[in-house]
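Q: Could you take a close look at one part of this model for me, the way its first chain is put together? I'd like the cut-offs spelled out as you go.

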Amino acid sequence: MSQAIIQVEGATKVYENRTILDGVCLDVMAGETLVIMGGSGSGKSTMLRLMIGNVLCDGGDIVAFGKSLLKMTPDERDEYRRSVGVLFQSGALYNSMSVADNVALPLRQHTDLPEQTIEIMVKIKLELVGLRQHAEKMPAMLSGGMKKRAGLARAIALDPKVLFYDEPSAGLDPVTSAEIDQLIMDLNKKLGVTSVVVTHEMDSAFRIGDRMVLLDRGKFIASGTPEEMKKSTDPLVHQFVFGLATGPLTDRRLAGGYEEDLMGYENG
Amino acid sequence: MTTVLRPIVLIYLGVAEMFRFLGDLTYLIGDAVFGVRHSLLRKQGRRLGWSNLWAQMDRVGVRSIPIVALVLFCIGAILALQMAPVLKDYGARERVADIIAIAIGRELGPLVSAIVLTGFAGASIAAELGTMVVSEEIEALRANAIDPIYFLVVPRMISTTIMMVCLAMVGDAAGVLGGMFTGNAFLGISPTLYRHHTFDALKLKDFLTGLVKAGVFGLLISAIACRLGLGVTGGAEGVGVATTRTVVLTIVALITVDLLFTSVFFFLGW
């Protein structure tokens with residue numbers, strides 16, 4: 001029986017009087033690929049930022065590897081961040097550095113490894129994502145898919161225990177998107193990491209997810225395996241999963257809740 | 001009533017905003033001073049810290065040398081041409097050298113170099129950091145447990161401060177040379193006489209007060225650029241706004257701080 005390595009315990013986040021996350025609870029189990037789904041503005045990216053410790057909760061807490069992120073000292077939080085990897089939506093490569101330097105950055109900053117060892121490690125990481133031949137290229141010379149793969153190589157540079165993905169297949173063509181999904185699954189097997197993927201691409205979510213949760217207006221409204229989500233009788237889950245043009249999500253807008261729906265929060 | 005209160009409220013809001021910004025700047029400079037140990041002295045981070053510092057010194061300082069030298073050379077020449085007719089009336093045309101030495105060494109060398117550096121480096125730092133915010137690079141640094149203050153702000157502040165002092169020295173020399181060239185070519189003042197008057201007029205304290213000001217100007221340029229760059233919101237438009245604000249605010253701040261320094265030096269008799 002695997003155990004929870006990250007526990008979200010009633011996390012609440014408020015930005016400028018808007019409740020983005022409203023007391024959400026979630027356990028991330030060791031070794032699984034958890035997919036967090038939700039529409040635009042539902043709070044899923046905020047959820048990710050809370051879990052990686054870049055943003056702190058306004059209420060509730062997040063316990064990672066048995067320690068509360070709120071109670072961690074800045075040094076402890078940095079140590080936690082070194083044990084996780086993040087792939088950002090745009091790849092977030094450092095544009096002033098080559099692909100190899102991007103991957104080497106965490107190694108140069110956080111380890112005392114000699115340059116020769118770092119070079120070898122960078123080649124290994126780039127080979128894992130299929131970019132070894134492009135090591136010396138600058139980010140501006142890469143396609144969208146290559147940027148994400150380079151971002152992934154940087155995310156795994158310090159051999160993380162947990163990998164977070166923010167919309168890994170957003171903005172990619174279907175073939176590149178499938179390649180990225182395959183890469184995520186391969187890395188999970190090869191590195192044995194736990195993955196948390198934030199996405200609203202249903203094809204991708206069903207391909208890679210062991211377990212899924214659906215976030216709506218700052219609250220989790222459903223969770224289960226991909227099969228359970230597909231079979232869900234909840235009309236809202238059904239509409240989201242199958243991408244239907246009519247259903248409770250669209251009715252909500254027509255019923256006057258358009259602004260709330262669009263912004264993903266409840267006024268007042 | 002509303003019409004009467006409106007300007008008062010606007011002034012109050014403006015003053016409050018200014019103090020908030022000054023508070024932010026103070027915090028940022030404090031964080032950066034504290035961060036020197038993390039960036040350059042601690043075992044982890046030292047490797048990248050020093051290479052970042054050298055890269056910034058090259059970018060901020062070395063590449064600004066030609067333009068600062070050219071601008072100050074021209075200012076030296078302009079001062080010579082402007083002052084010569086007046087001084088000629090008193091039969092003291094060679095005193096052009098004294099005036100240029102004092103004006104450039106105490107005032108124009110540091111100030112004009114700082115204004116050039118504001119356009120050259122301040123705007124570029126704000127645009128660079130702003131773009132990094134927009135493209136999630138700052139967030140990625142934090143996710144990699146790398147503090148943007150230590151990694152980005154500290155090298156920029158140190159390099160701008162050091163290179164501003166160096167640029168002021170280059171500017172001083174270029175300004176004096178500009179005056180000397182004009183004096184020799186058009187005013188009939190020999191280089192030897194010009195040099196003699198320059199060294200007679202310029203005391204070490206004049207030169208040093210100029211360099212102290214230059215250091216403070218450098219810190220100010222980088223602090224404002226980093227603060228506004230890291231505070232960018234709203235995508236590409238936000239980057240443009242931050243860059244413009246950096247140039248405008250820095251020039252206002254430079255002139256204000258310069259006035260403050262000059263007043264203090266005046267009353268202290270320096």
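A: Here's a walk through chain A, ending with its contact to chain B.

First, some housekeeping: this is a predicted model, where local features need pLDDT of at least 70, side-chain atom pairs count only at pLDDT 80 or more, and totals for chains, interfaces and linings use all residues. Residues are numbered from 1 along each chain as its sequence is written, while chains are lettered from A and ligands numbered from 1 in the order in which they are written.

Chain A has ten helices and ten strands (DSSP runs numbered from the N terminus: H or I of at least four residues for helices, E of at least two for strands). Its C-alpha atoms fill a box of roughly 60 × 45 × 40 Å along the principal axes. The radius of gyration of chain A is 19 Å, which agrees with the value near 18 Å for a compact globule of 268 residues (taken over C-alpha atoms, with the globule rule being 2.2 Å times the number of residues to the power 0.38). Of those 268 residues, 41% count as buried, meaning 20 or more other C-beta atoms, placed from the backbone, lie within 10 Å of the residue's own.

Now the strands. β1 (residues 4-15) of chain A runs antiparallel to β2 (residues 18-29) of chain A, joined by eight bridges; strands pair if DSSP finds at least two bridges between them. A:V14 stands opposite A:T19 in β2(A). The two strands make a hairpin with two residues between them, and A:E16 in the turn has a positive phi of about 45°. β1(A) also pairs with β4 (residues 59-64) of chain A, again antiparallel, over five bridges. There, A:E9 has A:D61 as its bridge partner.

Zooming out, chain A splits into domain 1 (1-83 + 162-180 + 193-268) and domain 2 (92-159), with bounds from an automatic or database domain assignment. Their centres, over C-alpha atoms, are 27 Å apart. Eight residues of domain 1 of chain A and seven of domain 2 of chain A take part in the contact (C-beta atoms, placed from the backbone, within 7 Å). On the domain 1 side, helix α6 (residues 174-191) of chain A gives the largest share, three residues.

Finally, 15 residues of chain B are in contact with 17 residues of chain A. On the chain B side, α2 (43-60) and α5 (137-143) each supply at least two residues.

Notes: Two residues are in contact if their C-beta atoms, placed from the backbone, lie within 7 Å. A residue is buried if 20 or more other C-beta atoms lie within 10 Å of its own, exposed if 12 or fewer, and partly exposed in between; C-beta atoms are placed from the backbone.
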